[in-house]
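Thank you all for making the time this morning. I would like to walk you through one model, taking the helix pairs one after another, and I will go slowly for anyone who has not seen it before.

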Amino acid sequence: METARRDLLMNAGIDVDDLVARCMDNVPLAERLLQKFSLDGNYRALCQAVQDGDRDKALQAAHGLKGVCGNLSMTTLHALLTEQVLAMRSGDWEKAEHLMPEIVRKHEEVTVALQKAFS
């Protein structure tokens, strides 16, 4: 992976080296997987479920997005979602909702970095 692209992704909280290792050092595969991140519907589902107060759907979407972020080595976003899922499962919905602005900000940061890296 070219240095500028790698640095852009790393600065957005994506552990590129870990992702490439997960892909058995197949850089083109890692890049294709990152490019598909925007196709995952869990983020939109999470935002809508939190807005609607639908706790079951919010938990399902947060858990799904956490898995996607973990698989793509999006460490910062994954950590936020892990904290949110734990809060939801423990019934602390105030904390789960309180995490949304940071999740939204970090998701936007990752999305912008991906668009810049692969445009």
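**How the helices pack**

Let me begin with helix H4, residues 42-52, and helix H8, residues 100-117, which pack at an angle of about 155°, with their axes 12 Å apart. Because an angle over 145 degrees counts as roughly antiparallel, H4 is roughly antiparallel to H8. The crossing in which H4 passes H8 is left-handed. On the H4 side the contact is made by Tyr-43, Leu-46, Cys-47 and Val-50, and on the H8 side by Met-100, Val-104 and His-107. Sorted by class, the residues of this contact of H4 with H8 are six nonpolar, one polar and no charged. I should say at this point that the model is a predicted one, so please keep that in mind throughout.

Staying with H8, let us turn to its packing with H1, where the angle is about 175° and the axes are 9 Å apart. H1 and H8 are therefore roughly antiparallel to each other. From H1 the contact takes Arg-5, Leu-8, Leu-9 and Asn-11, while H8 brings in Glu-109, Ala-113, Leu-114, Lys-116 and Ala-117. Here the division for H1 with H8 is five nonpolar, one polar and three charged residues.

Arg-5 deserves a second look, since its side chain meets that of Glu-31 in a salt bridge, at 3.1 Å from N to O. Which parts of the chain does this pair link? The two ends are distant along the chain, with Glu-31 in helix H3 (residues 27-35) and Arg-5 in helix H1 (residues 3-11), 26 residues apart. In the structure there are eight salt bridges, and the one between Glu-31 and Arg-5 is the one I chose to show.

The next pair is helix H5, residues 55-71, and helix H6, residues 75-89, whose axes come within 9 Å and cross at roughly 150°. That angle makes H5 roughly antiparallel to H6, and the crossing of H5 and H6 is left-handed. The residues of H5 in this contact include Ala-58, Leu-59, Ala-62 and His-63, and among those of H6 are Leu-77, His-78, Leu-81 and Thr-82. By class, the contact of H5 with H6 holds nine nonpolar, five polar and two charged residues.

Finally, a word on annotation. An unreviewed UniProt entry carries the annotation "domain: HPt" for residues 44-103. In the model, that span of residues 44-103 is 85% helix and 0% strand, and its end C-alpha atoms lie 12 Å apart.

I will stop there and take any comments.

Methods:
Residues numbered from 1 in each chain as written. Predicted model: local features only at pLDDT ≥ 70, side-chain atom pairs only at ≥ 80, totals over all residues. Heavy atoms only, no water. UniProt positions renumbered as here; feature names shortened; annotations may be inferred. Helix = DSSP H or I, 4+ residues; strand = E, 2+ residues; numbered from the N terminus. Axes fitted to C-alpha atoms, helices over the stretch in contact; angles between N-to-C directions. Parallel < 35°, antiparallel > 145°, perpendicular 65-115°, else oblique. Left-handed = near helix turned anticlockwise from the far one by under 90°. Contact = heavy atoms within 4.5 Å. Nonpolar A, V, L, I, M, F, W, Y, C, P; charged D, E, K, R; others polar. Salt bridge = Lys/Arg side-chain N within 4 Å of Asp/Glu carboxyl O.
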